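Colleague: Could you take me through one part of this model with some care, namely the place where the two chains meet? I would like a connected account rather than a list.

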Amino acid sequence: VTEITPSEAQQSLQRIARERQTLADRIRLPGWYLALYVLAALVLFALPALVVAPHHRLATAILPVTIVAASAVLGLLDTVIRHVSGTRLSTDDTRSHPESRRPSLVVLGVVVCGSAATWIAAANASWAVSLVCGLVSAVLLVAARLRAVSAVRRHVSSAPRAAQ
Amino acid sequence: MSQARLDAVIHPPTRLSICALLASVGDWVEFSTVRDTIGVTDSVLSKQSRLLEDAGYLEVRKGAIGRRPKTWFRLTAIGRRALTNHVAALQQIAHAATSPTR
């Protein structure tokens, strides 16, 4: 290979960093999807309270449809990211980008614990307690998902590593 | 520390950009995404990606979404290793200018 000057090497490294940042900037959730995601999280976690709330009881037949629909919207996250970014990136692919491992585990934990807490509160406490648990869980879920997306963006934009 | 060497295949700016971009994702990246991110034309990207593919640094997968044909790129393990060494060499050269001499 031809020899290059230090300034040329510096320029090459800077160009790589700039292009990585450009790609990272493409990895952002569209506003319409974010709104839909928040709505689905609220519906999913507020459902137990709505089932037992006085004067607001949902028909039993609506429950499974609502749960499936809300879960489908929540699960579409990676598909949307792939579409807007043009990459096969997944927020749950901890092999390609280990930085997203912790946020993804937090998402799983919030879904499991939040669902359990809201249903247990609805069955044993009151619909109001269940609703509060649901709202808190929904906020935590959205925050955890946004953190997972940020982790992927950080991974893409991070500086290239040198050989060890 | 061992002396890293510049890689002749990756050295040209466009090929370095392609490899660095694919390495940052670690998975398949769509043709138009690479083209738009590094700012080259379709023909330039096709030509440079073919050279990288011939060197075994790049995998190409062709498919379609609906009726629209799509091309995807991914860096191979050999390509990733070559890029890592190349970037290390660039960093050594760049740092050599800034570090004080004895």
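Modeller: In this predicted model, polar contact between chain A and chain B comes down to two residue pairs, both at pLDDT 80 or more, while the count of salt bridges between chain A and chain B is zero. On the side of chain A that touches chain B, helix 1 (6-26) and helix 6 (127-157) of chain A each supply at least two residues, and helix 1 of chain A gives the most, with 12 residues. Sorted by character, the residues on that side of chain A are 12 nonpolar, 10 polar and seven charged. Counted from both sides, 29 residues of chain A are in contact with 32 residues of chain B, and the area buried between chain A and chain B is about 2,600 Å², with carbon and sulfur atoms giving 64% of that area.

It is worth setting this beside the nonpolar packing. The largest nonpolar core holds 57 residues, and the members that touch the most other members are A:Leu141, B:Ile18, B:Leu22, B:Val34 and B:Leu83. Helix 1 of chain B (residues 13-25) provides the largest share of this core, eight residues. In soluble globular proteins, nonpolar side chains tend to be buried together. For a closer view of one member, leaving aside residues up to four places away in sequence, A:Leu141 touches A:Tyr37, A:Ala41, A:Phe45 and A:Leu74, together with A:Val107, A:Val110 and A:Val111.

Definitions and conventions:
Residues numbered from 1 in each chain as written. Chains lettered and ligands numbered in written order. Predicted model: local features only at pLDDT ≥ 70, side-chain atom pairs only at ≥ 80, totals over all residues. Heavy atoms only, no water. Contact = heavy atoms within 4.5 Å. Buried area = accessible area lost by both parts, 1.4 Å probe. Salt bridge = Lys/Arg side-chain N within 4 Å of Asp/Glu carboxyl O. Polar contact = N/O pair within 3.5 Å; in protein donor to acceptor, adjacent residues only side chain to side chain. Helix = DSSP H or I, 4+ residues; strand = E, 2+ residues; numbered from the N terminus. Nonpolar A, V, L, I, M, F, W, Y, C, P; charged D, E, K, R; others polar. Core = buried A, V, L, I, M, F, W, Y, C linked by side-chain atoms within 4.5 Å. Buried < 20%, exposed > 50% of the residue type's maximum accessible area, 1.4 Å probe, protein only.
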